[in-house]
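Subject: Structure for you to look at

Hello,

Here is the structure I said I would hand over. Please open it next to this message and follow along.

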Amino acid sequence: MTARIAVIGGGSNVEHDVSLASAEGVAAALTRRGYAVERLTIGRDGEWTAGEPAGRGTGEGPEFGASTGSGMRRRRAQGLAVATEVLTEADAVFPAVHGPLGEDGALAALCALAGVPVVGSGHVAGAIGMDKHFSKLIARDVGVRTAAGRVVTMSDGDSIELDGEAVVKPVASGSSHGVSLVRGLDDLGAALAGACAVDASGGRALVEPLVRGREIDVAVLREADGTRWAAPALEIHASGLFDTATKYDGSARFTVPAELRADEAMALERAALAVFDAFGCRGVARIDFFLTADGPVFNEINTMPGLTPASQVPRMFAAAGVDYEELVHRLVQGALRGRRAQA
């Protein structure tokens, strides 16, 4: 019997567009693989829509409201009630929504309440992973080094002292929105305002001393049988801070596999697996590090990383011989195995 997969994209946060792109890629890959796919889109205003996102239809196949013959209906209707119907009809849900009210565990919790298996990590891992301050505490607890830092609000601005360059970032956000490099106290006010404005945890920011090292990402996948493994690491080459503009304007360059000594590769893999396990992650996660002369320094974890065919995680698994379509298939199989185990 064909498995029915509901793919969610969009979201009411600053990562709406990249989430739409991830959902588009995932839905296309699953359709090619033979799954019955129905799309759910969360608008910027939080409104749910069932059916192809506006302006993204293929123009082929039956009209909305007609049967596809695959067990899922093509339709375009709005409202959480309609979305809930789609979710409860599905065999599994693929929430390709990055950032707050998506990757932060909100959608995983909704699926748990609906009794539907979800692709990726559960609500606890998502919630903790979205909070960069709590994430550092978890990483430190399993022996992984992190950058020193302080959680502040706008009212703390006058009490902050800087000893050299610093990075200011929202405590909870994604795609590097609100992240800036501060070279002195004169830059601090604007940086704090930018970070607090997009922070989903209540207007908080992290102020961290600048870590000088190579930016290395490691992706970890938990397979359907429970085993987990790390793909070859990826290095980010950017002329300055790897901020939102650099991520999406094409100026950054990626090397995968990253050119690493055997001991460096082993240290990064060991740290990534330790963090993945400490968070209780399922599916796939991307763990970001700075590689310094003293070893890896944990930066953050992404429990639902970008999943377009050109995103960093698919590139890493492609380097291990797992192409995009196969990666998405394995993620879905991991969720479906949980349902079969409970049957």
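Two residues are in contact here when they have heavy atoms within 4.5 Å of each other. Please also keep in mind that this is a predicted model.

With that meaning of contact, start at V313. Leaving aside neighbours within four places in sequence, V313 is in contact with A219, V284, R286, P305, G306, L307 and L327. V313 has its place in helix 9. Is V313 buried or exposed? V313 counts as buried, because its relative accessibility is 1% and buried means under 20%. From V313 to Y324 there are eleven residues in sequence, and the C-alpha atoms of the two are 9.4 Å apart in space.

V313 has buried company in its helix. Helix 9 covers residues 312–319, and Q312, V313, P314, M316 and F317 are buried there. Just after helix 9 comes G321, which takes a positive phi of about 90°.

Before helix 9 there is a loop that links back to strand 15, and T303 lies in that loop. T303 has a relative accessibility of 4%, so T303 counts as buried. Which residues does T303 touch, leaving aside its neighbours within four places in sequence? T303 is in contact with E103, S121, A125, G126, C281, V284 and A285. V284 is thus named twice: it is in contact with T303 and also with V313.

Now the chain as a whole. It has ten helices and 15 strands. Of its 343 residues, 51% count as buried. Taking contacts with a separation of 6 or more, 65% are between residues 24 or more positions apart.

One pair that is far apart along the chain is L20 and A96. They are 76 residues apart along the chain, and their C-alpha atoms are separated by 7.8 Å. L20 belongs to helix 1 (residues 16–33). At 9% relative accessibility, L20 counts as buried.

Next, a pair of helices. Helix 4 takes in residues 123–130 and helix 5 residues 132–141; they pack at an angle of about 105°, with axes 5 Å apart. That angle makes helix 4 roughly perpendicular to helix 5, because angles of 65 to 115 degrees count as roughly perpendicular. Where do the two helices meet? On the side of helix 4 the residues are I128, G129 and M130, and in helix 5 they are K132, F134, S135 and I138. By class, this contact has four nonpolar, two polar and one charged residues.

Then the cavities. How many of 30 Å³ or more does the structure hold? The structure holds three. The largest cavity has a volume of about 120 Å³. It is lined by 15 residues, and the closest to its centre are G102, E103, A108, S121 and M304. The lining of the largest cavity has seven nonpolar, seven polar and one charged residues.

The second largest cavity has a volume of about 70 Å³. Its lining consists of E103, G129, M130, K132, S173, G174, E300, I301 and N302. Helix 4 and strand 15 (295–302) each supply at least two residues of that lining. Strand 15 gives the most, with three residues. By class, the lining of the second largest cavity has two nonpolar, four polar and three charged residues. Some of these names have come up already: G129, M130 and K132 take part where helix 4 meets helix 5, and E103 is in contact with T303.

Last, some backbone geometry. Most residues other than glycine have a negative phi, and most peptide bonds are trans. L101 has a positive phi of about 60° although it is not a glycine. L101 has its place in the loop between strand 5 (92–95) and helix 3 (106–114). Which two residues does a cis peptide bond join? The bond is between V256 and P257, with omega about 0°. P257 is found in the loop between strand 13 (253–255) and helix 8 (262–279).

Regards

Notes:
Residues are numbered from 1 along each chain as its sequence is written. This is a predicted model: local features need pLDDT of at least 70, side-chain atom pairs count only at pLDDT 80 or more; totals for chains, interfaces and linings use all residues. Side-chain values use heavy atoms; hydrogens and water are left out. Axes are lines fitted to C-alpha atoms, for helices over the stretch in contact, and angles run from 0 to 180 degrees between N-to-C directions. Helices (H or I, at least four residues) and strands (E, at least two) are DSSP runs, numbered from the N terminus. Angles under 35 degrees count as roughly parallel, over 145 as roughly antiparallel, 65 to 115 as roughly perpendicular and the rest as oblique. Ala, Val, Leu, Ile, Met, Phe, Trp, Tyr, Cys and Pro count as nonpolar, Asp, Glu, Lys and Arg as charged, and the others, Gly among them, as polar. On a 1 Å grid over the protein atoms alone, a cavity is a set of points where a 1.4 Å probe fits but cannot get out, and a pocket is an open set with protein on both sides within 12 Å along at least five of seven lines; lining residues have an atom within 4 Å of a point. Grid points are joined across faces, edges and corners, and a volume is the space filled by probe spheres set on the points. Buried means under 20% relative accessible area, exposed over 50%, partly exposed in between (1.4 Å probe, protein chains only).
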